Amino acid sequence: MGLFRSGDVIGIADDALTFALEASRETHPDEYMGLLRGEPAAEYGLDHDGLLVTDVLIVPGTESNPVSATVKTSMIPNDFSSVGSIHSHPNGVLQPSQADLATFTKGQVHIIIGHPYGENDWVALDREGKRRSLPVYDVELDDGEEFFDFTQEDIDAELGLDGEEP
């Protein structure tokens, strides 16, 4: 499986966008950067073919300052499929720089969030840096915390153990 997923990106989940806006505020005055993951829109009750951006991945080791952010590609999980990128511009400018355009070569959608990071302080761009439509959908996303909701009995059952001590 490659790093980038195929299929048209039809929108972004409100929770994913809200997360990125909050992360941008918290990172200010430095840039924020992440990768976007998409899942089939139909899985979220949308009557659309294509992918819905549902997650923003923060890559460990990402370095940022007030004018740039760099993702360490060696830290991207092997099983992660990206549909694009997202980053902030602390200066509020919603136009891509030449450095931004150089990173837009893969993925279908790239989002720039500008200071002051309000709900309308962002744009979606295509690979060439042209603005594109990216509707926001209010859908129920899986609760990531459920992943950690298990007991020792659950682990034993998954491993096929009967729970007896050796």
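**Note on the predicted model**

1. Read from the N terminus, the elements of the protein follow the order β-α-β-β-β-β-β-α-β-β-β-α. The secondary structure thus listed comprises three helices and nine strands. The reader should bear in mind that this is a predicted model.

2. On the overall arrangement, the protein has 166 residues, of which 40% count as buried. Among contacts with a separation of 6 or more, 64% are accounted for by residues 24 or more positions apart. The exposed area of the protein is about 10,000 Å², and carbon and sulfur atoms supply 48% of it.

3. Helix α1 spans residues 14-27 and has 14 residues. From its first C-alpha to its last, helix α1 reaches 20 Å, close to the 20 Å expected at 1.5 Å a residue.

4. Which residues of α1 are buried? They are Ala16, Leu17, Ala20, Leu21, Ala23 and Ser24. These residues lie on the same side of α1, because they cover an arc of only 165° around the axis. The cover over the buried residues of α1 includes strands β1 (9-13), β3 (51-57) and β6 (82-89), and it also includes β7, β8 (122-125) and β9 (136-137).

5. A search of the whole structure for salt bridges finds one. The partners are Arg37 and Asp55, whose closest N and O atoms are 3.3 Å apart. Arg37 lies in strand β2 (residues 33-40) and Asp55 in strand β3, so the pair ties together parts that are 18 residues apart in sequence.

6. Are the salt-bridge partners buried, partly exposed or exposed? Arg37 counts as partly exposed, at 25% relative accessibility. Asp55 is likewise partly exposed, with a relative accessible area of 32%. Both values fall between the cut-offs of 20% and 50% that bound the partly exposed class.

7. On the surface, Ile155, Leu159 and Leu161 make a nonpolar patch of about 280 Å². Leu159, one of these residues, is placed in helix α3 (residues 152-159). Leu159 counts as exposed because its relative accessibility is 59%, and the exposed class begins over 50%.

8. Where is Thr105 found? Thr105 belongs to the loop between α2 (98-103) and β7 (109-114). With a relative accessible area of 54%, Thr105 is exposed. The C-alpha atoms of Thr105 and Asp126 are separated by 9.1 Å, while the two residues are 21 residues apart along the chain.

Note on methods: Residues numbered from 1 in each chain as written. Predicted model: local features only at pLDDT ≥ 70, side-chain atom pairs only at ≥ 80, totals over all residues. Heavy atoms only, no water. Helix = DSSP H or I, 4+ residues; strand = E, 2+ residues; numbered from the N terminus. Buried < 20%, exposed > 50% of the residue type's maximum accessible area, 1.4 Å probe, protein only. Patch = residues over 30% accessible without salt bridge, like charges linked within 9 Å, V, L, I, M, F, W, Y side chains within 5 Å. Areas by Shrake-Rupley, 256 points an atom, 1.4 Å probe, with all protein chains shown as cover. Salt bridge = Lys/Arg side-chain N within 4 Å of Asp/Glu carboxyl O. Contact = heavy atoms within 4.5 Å. Expected span 1.5 Å × (residues − 1). Arc of directions from axis to C-beta.
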